[in-house]
Amino acid sequence: MLLLFKPLHYTHTHACMQTPVAGVLSWKVKAGDIVTEGQLLGEVVNIEDPFAVRTPLYARTGGLIFGLLSHKLAIPGKIVIKVAGDTPLPWRTGNLLTSR
């Protein structure tokens, strides 16, 4: 078996991304992709005006996409994507099962 990427240690290193607005998700990545910090992961399309400017979702950290919302409807504040990297993130402290 050939590993195409190095194993990741997930303690304090994964970022949960929330959407700031409601709409339909349009992903630019898929589960299993490796992304860099600041990379465009997807966009939220306004339901009421599909021709309005889309809201971009950028990676808060580089790493592996391991969690992706399966349905396309985005609700403000809901976690829609998770990225696991190998760099500890300063906002990831305490109980990691409930922290964002």
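Among the elements of the protein chain in this predicted model, strand 4 has the highest mean pLDDT, at 95, whereas strand 1 (residues 14-18) has the lowest, at 74. Across the protein chain the average pLDDT is 79, and 72% of the residues reach a score of at least 70. Over residues 1-5 the pLDDT is below 50, and this stretch has 2 contacts in the model beyond near neighbours in sequence. Residues 7-12 also stay under 50 in pLDDT; for them the model has 15 contacts beyond four places in sequence.

**Fold**

The protein chain contains 8 strands and 0 helices, so that its pattern, read along the sequence, is β-β-β-β-β-β-β-β. Of the contacts between residues at least 6 apart in sequence, 60% join residues that lie at least 24 apart.

The strands whose residue ranges matter for the sections below are listed here.

| Strand | Residues | Role in the description |
|---|---|---|
| Strand 2 | 23-27 | supplies at least two residues of the largest nonpolar core |
| Strand 4 | 40-45 | supplies at least two residues of the largest nonpolar core |
| Strand 8 | 79-84 | supplies at least two residues of the largest nonpolar core |

**Interior**

Buried residues account for 35% of the 100 residues in the protein chain. The largest nonpolar core comprises 15 residues, and those with the most contacts inside it are Leu25, Val35, Leu41, Ile65, Val80 and Ile81. Strand 2, strand 4 and strand 8 each supply at least two residues of this core; the largest share, 3 residues, comes from strand 8.

Which residues does Val80 contact, leaving aside its neighbours within four places in sequence? Val80 is in contact with Met17, Thr19, Leu25, Trp27, Leu57, Gly67, Leu68 and Leu69. One of these partners, Leu25, is itself among the core residues with the most contacts inside the core.

**Surface**

The protein chain exposes about 6300 Å², of which carbon and sulfur atoms supply 62%. Val24, Ile47, Leu73 and Ile75 together make a nonpolar surface patch of about 340 Å². Ile47 is found in the loop between strand 4 and strand 5 (55-58). Ile47 counts as exposed because its relative accessible area is 51%, and the exposed class begins over 50%.

Note on methods: Residues numbered from 1 in each chain as written. Predicted model: local features only at pLDDT ≥ 70, side-chain atom pairs only at ≥ 80, totals over all residues. Heavy atoms only, no water. Core = buried A, V, L, I, M, F, W, Y, C linked by side-chain atoms within 4.5 Å. Buried < 20%, exposed > 50% of the residue type's maximum accessible area, 1.4 Å probe, protein only. Helix = DSSP H or I, 4+ residues; strand = E, 2+ residues; numbered from the N terminus. Contact = heavy atoms within 4.5 Å. Areas by Shrake-Rupley, 256 points an atom, 1.4 Å probe, with all protein chains shown as cover. Patch = residues over 30% accessible without salt bridge, like charges linked within 9 Å, V, L, I, M, F, W, Y side chains within 5 Å. Salt bridge = Lys/Arg side-chain N within 4 Å of Asp/Glu carboxyl O. pLDDT = per-residue confidence, 0-100.
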